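Me: I am new to this structure and would like to go through the reasoning behind the words used for it. Please set each value against its cut-off before you conclude.

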Amino acid sequence: MAHVELKSVTKTYPNGAVAVNDLNLEIATGEFLCVLGPSGCGKSSTLRMIAGLEEISHGQILIDGQNVVGKPARERDIAMVFENYALYPHLNVFNNVAMPLVARRTDKQEINDRVTRIAEMLDITEHLEKRPGKLSGGQRQRVSLARAMIRRPAMFLMDEPLGHLEEYLRIELRREIRALHESTGGTTCYITHDQQEAAAVSDRIAVMSAGELQQVGTMHDLINKPVNRFVAEFVGETPISILEDVSFADGRLTIGDYAIGLNEQAAAACAATPPATVGIRPADFVLGDADATGLSAVAESVQPMGETAIVLCKTACGPATVLLDQVDLPSEGESVRLAVDPDNLHLFGPDGLNIMYQGS
Ligand SMILES: Nc1ncnc2c1ncn2[C@@H]1O[C@H](COP(=O)(O)OP(=O)(O)O)[C@@H](O)[C@H]1O
Ligand SMILES: [Mg+2]
């Protein structure tokens with residue numbers, strides 16, 4: 001088990017690309033931390049620096065309190081899993097899985113026992129004699145996981161390990177990865193660009209954008225207390241609506257033609273920093289008919305999705321995405337009003353920061 005600290009870590013590649021900028025991040029002993037962010041935001045560079053596969057340009061990485069900068073990967077007691085398996089094609093599954101133990105000159109009987117056990121856990125026993133070329137993508141990734149987890153390293157580093165598997169396999173393997181993490185008791189840092197996957201496997205999620213850490217927290221924190229517009233817009237199954245034409249006076253927020261009384265804390269924050277935009281999650285809109293209280297809107301498109309429906313609305317403050325139960329759907333073209341509980345407002349200043357959580 002390892003405790004990992006990144007202090008002001010920056011990675012600049014020789015061509016001048018700044019992949020990671022001043023990253024401060026702590027991974028607790030035994031924690032499962034996901035790094036979530038769009039392609040190119042610096043996730044892999046971060047992981048490779050923790051692994052010792054990439055030099056860091058500035059800052060420090062501490063593992064169990066020791067600065068590991070300059071320490072080669074093989075001395076860091078880390079097991080990695082990548083998206084593209086990285087199996088030895090000429091070795092059978094047994095020997096691929098056994099490789100980390102063979103490399104450490106483990107006793108033959110013990111190798112046999114451990115390969116047998118991990119193969120059972122990952123349901124690859126019947127494939128032990130086959131070469132990787134004979135296996136499906138899902139089976140190959142199980143072999144990679146088995147190989148990584150056959151030891152009990154201090155840390156597991158996984159870079160989009162389920163990246164190109166089919167949906168049903170991803171869901172199944174998520175559960176197994178989480179179970180293996182718990183049974184081995186290691187510290188895991190897991191990269192994904194899939195927020196559902198991040199929520200399913202992790203204890204906490206670190207959101208990155210353009211080389212910079214945006215926020216670290218549980219999925220619940222990211223959804224309910226996004227620190228800035230990037231997190232608010234990136235996290236959430238159906239995207240949040242950002243409305244403009246927002247002003248604040250006398251404890252009330254005005255969004256277009258809708259005035260709403262704020263709670264004390266929000267009013268104090270607005271008095272300190274006038275909000276420029278407001279974010280509202282699709283499920284937080286309360287739909288009323290044209291003479292109800294709320295922001296005037298027109299339901300432009302109604303998309304039934306089984307148990308719920310998405311209604312895309314046009315308002316004077318910008319488009320609004322509303323998630324509704326299937327009952328009482330408006331018809332397309334109908335004038336409606338959109339209201340919201342003040343506790344469900346996300347208030348952003350002109351710089352895009354959430355005015356309620358600045359400095360947190
Ligand atoms: N070896 C490299 N040389 C130059 N630029 C790189 C190299 N590796 C990554 N980058 C750049 O650094 C940024 C972050 O890349 P990466 O860490 O791979 O992001 P992610 O894993 O989030 O997709 C990208 O702009 C990418 O083009
Ligand atoms: Mg990557």
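**Reasoning from values to words**

Reply: This is a predicted model, and we can begin with a single side chain, that of T315, which reaches the backbone nitrogen of C317 at 2.9 Å. A polar atom of the same T315 side chain also lies 2.7 Å from the backbone oxygen of G318.

Me: What makes the approach of T315 to the backbone nitrogen of C317 a polar contact?

Reply: A polar contact needs a pair of N or O atoms within 3.5 Å, one able to donate a hydrogen and the other to accept it. The side chain of T315 comes to 2.9 Å from that nitrogen, and the pair therefore falls within the 3.5 Å cut-off.

Me: Why is T315 called buried?

Reply: A residue is buried when its relative accessible area is under 20%; T315 has 10% relative accessibility, and therefore it counts as buried. T315 lies in strand β18, which covers residues 308–315, and, leaving aside residues up to four places away in sequence, T315 touches L243, L295, S296, A297, A320 and L338.

Me: Why does L253 count as buried?

Reply: The same cut-off of under 20% applies, and L253 has a relative accessible area of 0%, so L253 is buried. Its place is in strand β13, residues 252–255, and the residues that L253 touches, beyond those up to four places away in sequence, include F248, Y258, P275 and L347. L253 and L347 are 94 residues apart along the chain, while their C-alpha atoms are separated by 10.0 Å.

Me: How do you know that C34 is not bonded to the closest cysteine sulfur?

Reply: A disulfide requires two cysteine sulfur atoms within 2.5 Å, whereas the closest cysteine sulfur to that of C34, in C189, is 8.1 Å away, which is too far for a bond. C270 is likewise in no disulfide, the nearest cysteine sulfur, that of C317, being 15 Å away. The structure as a whole holds zero disulfides.

Me: Are C34 and C270 buried or exposed?

Reply: Against the cut-off of under 20%, C34 has 0% relative accessibility and so counts as buried, and C270, at 2%, is therefore buried as well.

Me: Which residues surround ligand 1, and what makes its pairing with K43 a polar contact?

Reply: Ligand 1 is surrounded by Y13, N15, A19, P38, S39, G40, C41, G42, K43, S44 and S45. An oxygen atom of ligand 1 is 2.9 Å from an N or O atom in the side chain of K43, and the cut-off for such a pair is 3.5 Å, so this one qualifies. For S45, a polar side-chain atom lies 2.6 Å from an oxygen atom of the ligand, and for Y13 the distance from a side-chain N or O atom to a ligand nitrogen is 3.5 Å. Taken alone, ligand 1 exposes 560 Å², and the protein buries 61% of that.

Me: Which element gives the largest share of the shell around ligand 1, and how is the shell divided by class?

Reply: Helix α1, residues 43–51, gives the largest share, with three residues, and by class the shell holds four nonpolar, six polar and one charged residues.

Me: What can be said of the chain as a whole?

Reply: The chain has nine helices and 21 strands, and buried residues make up 50% of its 360 residues.

Note on methods. Residues numbered from 1 in each chain as written. Chains lettered and ligands numbered in written order. Predicted model: local features only at pLDDT ≥ 70, side-chain atom pairs only at ≥ 80, totals over all residues. Heavy atoms only, no water. Near = heavy atom within 4 Å. Areas by Shrake-Rupley, 256 points an atom, 1.4 Å probe, with all protein chains shown as cover. Helix = DSSP H or I, 4+ residues; strand = E, 2+ residues; numbered from the N terminus. Nonpolar A, V, L, I, M, F, W, Y, C, P; charged D, E, K, R; others polar. Buried < 20%, exposed > 50% of the residue type's maximum accessible area, 1.4 Å probe, protein only. Contact = heavy atoms within 4.5 Å.
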